[in-house]
Amino acid sequence: KMAPVFHNPDPSWYAGDTANMSIGQGDVQCTPLQMAGVVAAIANGGTVYAPRVVADARDSITQKLLYKA
């Protein structure tokens with residue numbers, strides 16, 4: 001099955017188009033988080049990791065608190 005093709009009937013770029021594209025509206029059918037996942041998968045050699053929300057970050061050896069949300 002082929003992906004749908006989106007055609008812009010008016011090829012001129014409007015000021016609001018940039019805002020719409022940045023949040024996944026208009027001709028772009030993905031969110032910024034999805035695009036970040038694509039780039040991360042490319043950088044990780046094809047491995048896709050699920051995004052996570054953490055309360056804090058600690059040093060793996062000393063357990064010293066590095067970041068608190």
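Start by selecting Leu33: with a relative accessible area of 57%, Leu33 is exposed. On the scale used here, buried means under 20% relative accessible area, exposed means over 50%, and partly exposed is what lies in between, with a 1.4 Å probe and protein chains only. You're looking at a predicted model, so to speak of a local feature takes a pLDDT of at least 70, and side-chain atom pairs count only at pLDDT 80 or more, while totals for chains, interfaces and linings use all residues. Residues are numbered from 1 along each chain as its sequence is written, and side-chain values use heavy atoms, with hydrogens and water left out.

Stay on Leu33 for a moment. Its home is helix H2, residues 32-43. Now add Ile23 and draw a C-alpha to C-alpha distance: the two are 10 residues apart in sequence and 9.5 Å apart in space.

**Zoom out to the whole chain**

Colour by secondary structure and you get 2 helices and 2 strands, in the order α-α-β-β along the sequence. Helices (H or I, at least four residues) and strands (E, at least two) are DSSP runs, numbered from the N terminus. Switch on a surface next: the chain exposes about 6200 Å², with carbon and sulfur atoms supplying 63% of that. These areas come from the Shrake-Rupley method with a 1.4 Å probe, and for residues only the protein chains shown count as cover. Of the 69 residues, 4% count as buried.

**Back to H2**

Select Met35, Val38, Val39 and Ile42 together. They form a nonpolar patch on the surface, with about 380 Å² of accessible area between them. A patch takes residues with over 30% relative accessible area and no salt bridge; like charges are joined within 9 Å, and nonpolar side chains (Val, Leu, Ile, Met, Phe, Trp, Tyr) within 5 Å. Click on Met35, which sits in helix H2 and is partly exposed at a relative accessible area of 41%.

**On to the hairpin**

Next, select residues 56-58 (strand E1) and 65-68 (strand E2), which pair in the antiparallel sense over 3 bridges. Two strands pair if DSSP finds at least two bridges between them. In a regular strand, side chains alternate between the two faces of the sheet.

Now centre on Arg58, which belongs to strand E1. What stands opposite Arg58 in E2? That's Leu65. Arg58 is partly exposed, with a relative accessible area of 43%. Show everything in contact with Arg58 (heavy atoms within 4.5 Å), leaving aside neighbours within four places in sequence, and you'll pick up Gln63, Lys64, Leu65 and Leu66. For one more distance, try Lys68: Arg58 and Lys68 are 10 residues apart in sequence and 9.0 Å apart in space, C-alpha to C-alpha.

Bring up the side chain of Asp56 as well. Arg58 and Asp56 meet in a salt bridge at 3.9 Å, N to O. The term covers a side-chain nitrogen of Lys or Arg within 4 Å of a carboxyl oxygen of Asp or Glu, and the structure holds 1 salt bridge. Asp56 is partly exposed, at 28% relative accessible area.

**Last stop: Gln63**

Where is Gln63 found? Look in the loop between E1 and E2; the hairpin has 6 residues between the strands. Check the backbone: phi of Gln63 is near 60°, a positive value in a residue other than glycine. The backbone oxygen of Gln63 lies 3.1 Å from a polar atom of the Arg58 side chain. Gln63 counts as partly exposed, at 45% relative accessibility.

How values were computed. Polar contact = N/O pair within 3.5 Å; in protein donor to acceptor, adjacent residues only side chain to side chain.
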